[in-house]
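Please open the model in your viewer and keep the selection tool at hand, since the tour below moves from one selection to the next.

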Amino acid sequence: MEEKTKRAIRAGVILAFIIIVISLLIYSRITAYSLAPQSKPVDLRGLPIWQIPITYLIDYFSHGTICLLFAFTVAGLIYEFVPKEAITNYMGSGKVAGYGLALAMAPFLTVCSCTMVPLFGGVLYAGAGIGPAIAFLLMAPAANILTILLTGEMISWEVAGVRIIASATVALAAGIIISKTPWGKAIEKEHQIASTASASAKVEIVKPPLDERLWASLKFAGYLAKQILPFFILGLIAVSYVEAFLPEDIVGTYLTGVTGILIASVVGGPLYTPTLVEVVLGKAMWDLGMSKGALLSWLMGQPYDVANALAVSRIAKWKVVLTYMFIAWAGSVTFGLIYGILSGSL
């Protein structure tokens, strides 16, 4: 068989798999099949301790596998086929298009804050402005494709929509403010000089055939799954015990009102919670009585967790890191209050 025919068959098989995954998600939507787990705290409390996480995991994966499969596959496709070189080329500081591109494309290039840090460094080293680069850094973990899909399916699409708007606003504000500071300008100048010096070393990149790119996208999806799912499963086990044993009156007392929003913003930020666990844990606490305002503030904590702040400080210095962490925290509190008041669930 000729090499060309082999490649065509290989590409056809991979495309068929992708079409099946997308069709399964569409079918689940048409039939109104819930992709979120159906367990309630009262269902788990009567079980033996060892059986609680098993029951919860079976419930979750019997409903959520289609959504996870779809999200990982799409994340891999977008990561492979979105032209990253074009994005970095247009992220000049002070340009409206640069900020727009950062906010629009960041969610499609990564799925969690841990994978965002090296991309943030790559964007800066490629000569992008510090403003768009910061917007890019904050927007991706706060509102990436997996996060939004899981938030919409497991909690509500209203919360997912508000999360996108709030995250984009905070990321934009942080980018603009930092681009005006002396320490932000210093970092930008430092990286743009390095980018100019290395420009002569750039080489032409030849794109591989379609079947290789499709296979690479699935390999990246598998890489993401291997990175995320072990922590996700551990998180689900923890969430199952939270649902079973955390008293509803404690959640109703401490995770509602202005105090609840402040607690959620403080706990949700420094705590390094994998993105998907953050959504599941947020849903569990919401089921136990957490207000919508505190829930939004909790969900917006991902961009300023300590682990990633330490990693970013190696690229952009602590003054920049502390500035964006403060803006992100203030944004999570502000939008938590606004959403809580407007939704009647402060």
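A crossing of two helices is called right-handed if the near helix is turned clockwise from the far one by less than a right angle, and left-handed if it is turned anticlockwise. Keep in mind throughout that the coordinates belong to a predicted model.

**First stop: H7 and H9**

Select residues 130-142, which form helix H7, together with residues 157-180, which form helix H9; their axes come within 7 Å and cross at roughly 155 degrees. Angles over 145 degrees count as roughly antiparallel, and H7 and H9 are therefore roughly antiparallel to each other. The hand of this crossing, in the sense defined above, is right-handed.

Now show the side chains at the contact. On the H7 side, pick Ile130, Gly131, Ile134, Ala135, Leu138, Met139, Pro141 and Ala142, and on the H9 side pick Arg163, Ile164, Ser167, Ala168, Ala171, Ala174, Gly175, Ile178 and Ser179, which they meet. Coloured by class, the residues of this contact divide into 12 nonpolar, 4 polar and 1 charged.

**Second stop: the largest cavity**

Keep H7 and H9 on screen, and turn to the enclosed space. How many cavities of 30 Å³ or more are there? The count comes to 2, and the largest cavity holds about 70 Å³ of space.

To find the largest cavity, select its lining, which consists of Leu138, Ala142, Ser167, Val170, Ala171, Met300, Pro303 and Ala328. Both helices of the previous stop take part, for H7 and H9 each supply at least two residues of this lining, and H9 gives the most, with 3 residues. By class, the lining has 7 nonpolar residues and 1 polar residue, while no charged residue belongs to it.

**Third stop: H3 and H11**

Clear the selection and choose helix H3, residues 51-81, with helix H11, residues 210-245, whose axes come within 8 Å and cross at roughly 150 degrees. That angle makes H3 roughly antiparallel to H11, and the crossing in which H3 passes H11 is right-handed. Displaying the contact of H3 with H11 brings up residues that divide into 30 nonpolar, 4 polar and 3 charged.

**Last stop: H3 and H8**

Leave H3 selected, and replace H11 with helix H8, residues 145-155; H3 and H8 pack at an angle of about 155 degrees, with their axes 9 Å apart. H3 is thus roughly antiparallel to H8, and the crossing of H3 and H8 is right-handed.

Which residues make the contact between H3 and H8? From H3, select Tyr60, Cys67, Leu68, Phe70, Ala71, Phe72, Val74, Ala75 and Ile78, and from H8, select Ile145, Leu146, Leu149, Leu150, Glu153 and Met154. By class, this contact of H3 with H8 has 14 nonpolar residues, no polar residues and 1 charged residue.

Terms used
Residues are numbered from 1 along each chain as its sequence is written. This is a predicted model: local features need pLDDT of at least 70, side-chain atom pairs count only at pLDDT 80 or more; totals for chains, interfaces and linings use all residues. Side-chain values use heavy atoms; hydrogens and water are left out. Axes are lines fitted to C-alpha atoms, for helices over the stretch in contact, and angles run from 0 to 180 degrees between N-to-C directions. Helices (H or I, at least four residues) and strands (E, at least two) are DSSP runs, numbered from the N terminus. Angles under 35 degrees count as roughly parallel, over 145 as roughly antiparallel, 65 to 115 as roughly perpendicular and the rest as oblique. Contact means heavy atoms within 4.5 Å. Ala, Val, Leu, Ile, Met, Phe, Trp, Tyr, Cys and Pro count as nonpolar, Asp, Glu, Lys and Arg as charged, and the others, Gly among them, as polar. On a 1 Å grid over the protein atoms alone, a cavity is a set of points where a 1.4 Å probe fits but cannot get out, and a pocket is an open set with protein on both sides within 12 Å along at least five of seven lines; lining residues have an atom within 4 Å of a point. Grid points are joined across faces, edges and corners, and a volume is the space filled by probe spheres set on the points.
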